[in-house]
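This report gives an account of a single protein chain for a reader at the bench. Please keep the sequence and the structure in view while reading.

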Amino acid sequence: MTHALIVIDVQNDFCPGGALAVPEGDAIIAGINRMMKQAGAVILTQDWHPAGHSSFASSHADQAPYNVIKMAYGPQVLWPDHCIQGSNGAAFHPDLDQSCADLIIRKGYNPAIDSYSAFFENDHITPTGLEGYLRSRDITRLTIVGLALDFCVHFSAVDAARLGFDVTVRQDLCRAIDLDGSLDDALTAMRSAGVSLG
């Protein structure tokens, strides 16, 4: 087995009715469940922020959601409070079949730094441990699905390709926020990194 399916952040807060809802975020779940049943290995990622996280607009005076500020590690979009540890919003969507998961990677738990990628925090240095897990299982090919295509899927796919994995993103099993052209930028970056867009 050399192939794994990585399912990015299919959580209540990113689905309709959630604090940071991605349009039609729940529409991909049935297709993801079918893929998980056929995958040799399945990894789920979960945004897992402490209350008052530095990426929340509410943590910065005179800032509004979706403003971009400069952090020590670079530009940071400020988000509505979302996926707070232990909350219903941080839970996986109830329709997602978690029984197929070999591993759950929680990210974004460092209060001082956000983490879009399944592989690294937003400083692009601090690892999540996912690479080591995949290497230990001799996994070389990845298919990535989930939310949101232009943020956490995008950064996960680019990092995976740069680490030498053969990466495919299934666009039909992703949905995007598309914040000020972020979708086009993400698709361009993934193609440039050698990611296959299915």
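The account below moves from the chain as a whole to its charged pairs, a helix and some local backbone features.

**The chain as a whole**

The model is predicted. The protein chain contains four helices and eight strands, and these elements succeed one another along the sequence as β-α-β-β-β-β-α-β-α-β-α-β. For 198 residues, a compact globule would be expected to have a radius of gyration near 16 Å, and the protein chain agrees with this because its own value is 16 Å. Along the principal axes, the C-alpha atoms occupy a box of roughly 50 × 35 × 30 Å.

Of the 198 residues, 52% count as buried. The area exposed by the protein chain is about 8,400 Å², with carbon and sulfur atoms supplying 50% of it. When contacts between residues at least 6 apart in sequence are considered, 73% of them join residues at least 24 apart.

**Charged side chains and salt bridges**

The protein chain carries 12 positive and 23 negative side chains. The centres of these two sets lie 8 Å apart. Side chains of opposite charge can pair when their charged atoms come close. Here, with a side-chain nitrogen of Lys or Arg required to lie within 4 Å of a carboxyl oxygen of Asp or Glu, the count comes to seven salt bridges. Three of the pairs are listed below, including the separation of their closest N and O atoms.

| Salt bridge | Closest N and O atoms |
|---|---|
| Asp97 and Lys37 | 3.1 Å |
| Glu131 and Arg135 | 3.2 Å |
| Arg170 and Asp172 | 2.8 Å |

What does the salt bridge between Asp97 and Lys37 tie together? Asp97 belongs to the loop between strand E4 (74-77) and strand E5 (103-107), whereas Lys37 belongs to helix H1 (residues 29-38), so the pair ties together parts that are 60 residues apart in sequence. Lys37 is exposed, its relative accessible area being 59%.

The pair Glu131 and Arg135 lies within one element: both residues are in helix H2 (residues 130-136), four residues apart, or about one turn of the helix. An α-helix has 3.6 residues a turn, so residues three or four places apart point the same way. Glu131 is partly exposed at a relative accessible area of 26%, and Arg135 is also partly exposed, at 37%.

In the pair Arg170 and Asp172, Arg170 is partly exposed with a relative accessible area of 28%. Asp172 is likewise partly exposed, with 41%. Elsewhere, Asp9, Asp47 and Lys107 are joined into one network by salt bridges that share partners.

**Helix H1 and its cover**

Which residues of H1 are buried? They are Ile29, Gly31, Ile32, Asn33, Met35 and Met36. The cover over these buried residues includes strand E1 (3-8), strand E2 (42-47), strand E6 (141-147) and strand E7 (166-175).

**The surroundings of His93**

His93 is located in the loop between E4 and E5. Is His93 buried or exposed? Its relative accessibility is 12%, and residues under 20% are classed as buried, so His93 counts as buried. Leaving aside residues up to four places away in sequence, His93 touches Val10, Gln11, Asn12, Cys15, Asp26 and Ile29. Ile29 is also one of the buried residues of H1. Cys83 lies 10 residues from His93 along the chain, and the C-alpha atoms of the two are separated by 12 Å.

**Local backbone features**

The peptide bond from Leu147 to Ala148 is cis, and its omega is near -15°. Ala148 is placed in the loop between E6 and helix H3 (149-162).

Positive phi values occur at Asp178 and Asp180. For Asp178, which is not a glycine, phi is about 55°. Asp178 is found in the loop between E7 and helix H4 (182-193), and it is partly exposed at 42% relative accessibility. Asp180, again a residue other than glycine, has a positive phi near 55°. Asp180 also sits in the loop between E7 and H4, and at 75% relative accessibility Asp180 counts as exposed.

Note on methods. Residues numbered from 1 in each chain as written. Predicted model: local features only at pLDDT ≥ 70, side-chain atom pairs only at ≥ 80, totals over all residues. Heavy atoms only, no water. Helix = DSSP H or I, 4+ residues; strand = E, 2+ residues; numbered from the N terminus. Rg over C-alpha atoms; globule rule 2.2 N^0.38 Å. Buried < 20%, exposed > 50% of the residue type's maximum accessible area, 1.4 Å probe, protein only. Contact = heavy atoms within 4.5 Å. Areas by Shrake-Rupley, 256 points an atom, 1.4 Å probe, with all protein chains shown as cover. Lys, Arg positive; Asp, Glu negative; His and termini not counted. Charge placed at Lys NZ, Arg CZ, Asp CG, Glu CD.
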